[in-house]
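Dear colleague,

I am handing over the structure below, and my notes on what was found in it follow directly after.

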Amino acid sequence: MKTSLLLLATLALAPLAAAQTDINTTLNANQAAQVVRIAVPFPELVPPSAPVAPEPVNSEEVRNGFFGPLTRDIAYSGIFAIAPLPPSVPVNTELLKRINAQLLLRLNVWKEGDDYVVEARLVDQAGSTQLGKRYRSPAPALGRTAHMLANELVRTLNGRPGVFLSQIAFASNRTGNWEIWLMDWDGSNQRRITFHNALSILPSWSPDNERMVYTSFARGTSDMYIINRRGGGRMRINSGLALNTSATFSPVGDDIAFVGSVHGNPDIYLIKDDGSNIRRLTTTGSVESTPEWSPNGRQIAFTSGRSGTPQIYVMDAEGTNVRRISYDGNWNDDAVFSPDGEKLAYTSRVNGRFQIRIANLITNESRIVAGEGSNEQPTWSPDGNWISFQSNRSGAWQVYRMRIDGTDLLQLTFDGENKEPDWSKKPE
Amino acid sequence: MKKLSNILLTSLAVVLIVLAPACRSKKKNIPPVVTPSDTSASAPDVAPPPATNTGTTVAPPTDFVDETPKPVEETLPADIEQLNRYVQQKGYLRDAFYNYDEATLDDAAQSALSASATWLKSKDGAGYNLLVEGHCDERGTEQYNLALGDRRANSAKDYLVTLGVDSGRIRTVSYGEERPFDEGHEDSAWAKNRRAHLVLVR
């Protein structure tokens, strides 16, 4: 296993355990009101104890593969602000006070054989180490190391990991056929998971981040498939129905919700992930589509044409207690619950174009996160701070990422056309 | 025997109906008998009526019908892809087109499927199964359109069945907006993309 080469060597630094509780209490108070200023100088590239013949380190490889992704993660964390450093001045606790930075992240990167070793120490103004980590990884995995370290920095501050190790599944036609691909949260490390050489779309993560369910037309009909995140273990789920689209794992059990059809009547169904125990949840004669579970597995949002136009509804997971959510506009689809279950993001037509709408299920208020072009298929980051979606604003479908208020917009895909992002459910 | 001659009459009538405009354009008033030696390469180079032209077909002159029918054999392309192009060009199989966000068949769509049913029940068409693909235009959302395409494919299938095509011969699939016929972003493209597309399969 190539990926397991990435051995995480957590340095259980002796003073750390005690110090960690301090930082949590002292910094959490600050964090509520403002972000924490952190200085992140470029890594030293010196082995700690001079070996006989140190391997030369390619500083550009370290900058592009590690330092760039790390500082971007930190800047996007929402809880850190990177304090600019004056050039050619030794970085010490005196300087920290002068530039008003509460924390300093000292980095050292060196090579041992083919692997890079990254050592990180988070130091406060008093000079105490708050976090110490050492990672070993081959050059192609430096980006993942950066995400791991950034996750630890966030965890040190607020007790929960960041989203930097989360993955986004999507469909891409860059190889000629639509296939399922994965990428890191920042768009890096894009890799193909399916090889059907046939239309394969609508990936959706399992709650443990280990599997995906999607729809492929590999047999000429549309079928549901389950595959693991490395592309192995592919299994077709035979529902005996037509369509088999919009499949999505229950967050709590072994059910999959999907759209099945009998005689041209698409409805929401449940089926076990081994293909057994199929159950019909909606029974109208209209088109039902696009089921999506609430985070606790108790409710399912879906789209129905029962009112004459596609609108968003929510029902209990048994199919009862149906209530309509969307009233704005004449076409709404793609509803997804926020991780806290309090909001729904969905695709909503506004003035002839689709936009991402975020509706608060408690206050019943909703707002549009407007953007150029048509914007569809929203998906929440595991921490609920970000939404990924597809937009054709560039002239082709591409996957984007933004904060839920629409700021910090970033295009994640560029090769071919790319759509239907689905963000992994767990942060790491 | 009577049944057979009925079938032959029907097939001849269909050929005549479909080719009538082409014949008139050539100003020849003879039945377009296609001999077995004809191949698809020698098919008439006159443009077939477009699939969207699903209005009433032109009735042949009455003297056509009164002629003593001769057995007509038409050699169809053996390759299934060529065959599908051929039967669409000839108008033997005609796609049904839909209004925006609808899966109901209007008069033109019924007329197109009616012609298709006639051919599917004819001697030439009886040996094939049919795949009905449901398609949508890009103005909706992908997931809902996949479901809508299923509805369209099945509305076309159901109508063919009511016209006497064995339901066991017909399979449906929905492509939603994934496989547009026209990549354009205007009304004319969208109209072409809202369809039930009929495909012969073995």
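Among contacts in chain B between residues at least 6 apart in sequence, what percentage join residues at least 24 apart? The share is 76%, where contact means heavy atoms within 4.5 Å.

Please bear in mind that this is a predicted model, in which local features need pLDDT of at least 70 and side-chain atom pairs count only at pLDDT 80 or more, while totals for chains, interfaces and linings use all residues. Residues are numbered from 1 along each chain as its sequence is written, chains are lettered from A and ligands numbered from 1 in the order in which they are written, and side-chain values use heavy atoms, with hydrogens and water left out.

Chain B has six helices and four strands (DSSP runs, H or I of at least four residues and E of at least two, numbered from the N terminus), arranged along the sequence as α-α-α-β-α-β-α-β-α-β. Of its 202 residues, 46% are buried, that is, under 20% relative accessible area with a 1.4 Å probe, protein chains only.

The structure also holds three cavities of 30 Å³ or more, a cavity being a set of points on a 1 Å grid over the protein atoms alone where a 1.4 Å probe fits but cannot get out. The largest has about 220 Å³ of space, a volume being the space filled by probe spheres set on the points. Its lining comprises 19 residues, those with an atom within 4 Å of a point, and A:Pro203, A:Glu292, A:Gln377, A:Asp422 and B:Gln143 lie nearest the centre.

With regards

Terms used:
On a 1 Å grid over the protein atoms alone, a cavity is a set of points where a 1.4 Å probe fits but cannot get out, and a pocket is an open set with protein on both sides within 12 Å along at least five of seven lines; lining residues have an atom within 4 Å of a point. Buried means under 20% relative accessible area, exposed over 50%, partly exposed in between (1.4 Å probe, protein chains only).
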